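Student: Hi! Got a few minutes to walk through a model with me? I'd like to go region by region.

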Amino acid sequence: MTIEAGLNKETRFVCFGAGIVDFDNDGFPDILLTSGTVYPEVARVNPRFPARSPSILFRNQGDGRFVQMGVEAGPGIDARHCSRGAAFGDFDNDGDMDVLIMNVNEPPSLLRNDAPPGNRWIKIRLEGTKSNRSAIGARVLVRYGGKVQVQEVMSGSSFLSSSDPRLHFGLGAAATADVEVHWPSGLVEMQKSVPANQLVTLREGSGLVKDRPFR
């Protein structure tokens, strides 16, 4: 993996929150980092260590390279704060991933994302029965268009943060996906050819739960 960063080499950032999330639903997860100094008073004597700094977004090129996004990522990424935790989730339920960033001594930043409409996605919500109800520890494999993504349901993520427990997968141009769930109980279940652009609720032992509202 190669990361191409356009950051000023004379500036030093301290990073806290981090997420590997597919923000544009192209099927290749991207990387977002929040940054914020520990000692803001240092900025007064050395500008290489700013008191406030931007978030950092690297777009996955799909060939093992990650390239830093600039102003095209939007003003929310370039806005300078002293940031810590980052929680990721689809807060407005429009099919793409948004970010809530906690800032020191000021309100949090809620970054609303709009992914390209041509890219598809699928969101997986799990309900445990023999396993814990929240399905913490479950692993989900999504196969589509010759690719595979793997995510796990976790109670915490990033720095002192808890993200949306619904697992989000960008599918690119794929219209369907095969979903394989490895439950904490040891049970493995498969759903074949699940249509894209929807929230799918899967219950341990009984499979797809129909007529479950998106929210």
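Student: Let's start with Ala173. Where is Ala173 found?

Tutor: Happy to help! Ala173 sits in the loop that runs between strand 12 and strand 13 (176-182). Keep in mind that this is a predicted model.

Student: And is Ala173 buried or exposed?

Tutor: Ala173 is exposed, because its relative accessible area is 67%, and the cut-off for exposed is over 50%.

Student: How far apart in space are Ala173 and Trp121?

Tutor: Their C-alpha atoms are 9.0 Å apart, while in sequence the two residues are 52 residues apart.

Student: You mentioned strand 12. Which open sheet is it part of?

Tutor: Strand 12 belongs to an open sheet of 4 strands, in the order 12-9-15-16, with mixed pairing. Strand 12 (167-172) and strand 16 (207-208) are the edge strands, each pairing on one side only.

Student: What about the other end, how do strand 15 and strand 16 pair?

Tutor: Strand 15 (residues 198-203) pairs with strand 16 in the antiparallel sense, over 2 bridges. If you want a spot to look at, Arg203 has Gly207 in strand 16 as its bridge partner.

Student: Nice. Zooming out, how many helices and strands does the protein chain have?

Tutor: The count is 1 helix and 16 strands.

Student: What does the radius of gyration say about the overall fold?

Tutor: For 215 residues, a compact globule would come out near 17 Å, and this chain has 19 Å, which agrees. The C-alpha atoms fill a box of roughly 60 × 35 × 30 Å along the principal axes.

Student: And what share of the residues is buried?

Tutor: Of the 215 residues, 43% count as buried. As for contacts, take those between residues at least 6 apart in sequence: 56% of them join residues at least 24 apart.

Student: Switching to pockets. What volume does the largest pocket have?

Tutor: The largest pocket has about 560 Å³. Its lining has 27 residues, and the closest to the centre are Ile20, Val21, Gln151, Glu152 and Met154. Strand 2 (15-21), strand 11 (147-152) and strand 12 are the elements that each give two or more residues to that lining.

Student: So strand 12 turns up again! How does that lining divide by class?

Tutor: By class, there are 12 nonpolar, 11 polar and 4 charged residues in the lining of the largest pocket.

Student: And what about the second largest pocket, how much space lies in it?

Tutor: About 380 Å³. The second largest pocket is lined by 22 residues, with Phe23, Leu57, Ala73, Ile77 and Asn113 nearest its centre. Strand 3 (30-35), strand 4 (56-60), helix 1 (75-78) and strand 7 (98-103) each contribute two or more lining residues.

Student: Which element gives the largest share of that lining?

Tutor: Helix 1 does, with 3 residues. By class, the lining of the second largest pocket has 12 nonpolar, 3 polar and 7 charged residues.

Student: Last one: where does Cys82 lie?

Tutor: Cys82 is in the loop between helix 1 and strand 6 (83-89).

Student: Why does Cys82 count as buried?

Tutor: Cys82 counts as buried because its relative accessible area is 11%, and buried means under 20%.

Student: Which residues does Cys82 touch, leaving out those up to four places away in sequence?

Tutor: Among them are Ser35, Gly36, Thr37, Ala51, Arg52 and Met102. The C-alpha atoms of Cys82 and Pro50 are separated by 9.2 Å, with the two residues 32 residues apart along the chain.

How values were computed:
Residues numbered from 1 in each chain as written. Predicted model: local features only at pLDDT ≥ 70, side-chain atom pairs only at ≥ 80, totals over all residues. Heavy atoms only, no water. Pairing = 2+ DSSP bridges. 1 Å grid on protein atoms, 1.4 Å probe; cavity = no way out; pocket = protein on both sides within 12 Å on 5 of 7 lines; lining within 4 Å. Points joined across faces, edges and corners; volume = space filled by probe spheres on them. Nonpolar A, V, L, I, M, F, W, Y, C, P; charged D, E, K, R; others polar. Rg over C-alpha atoms; globule rule 2.2 N^0.38 Å. Buried < 20%, exposed > 50% of the residue type's maximum accessible area, 1.4 Å probe, protein only. Contact = heavy atoms within 4.5 Å.
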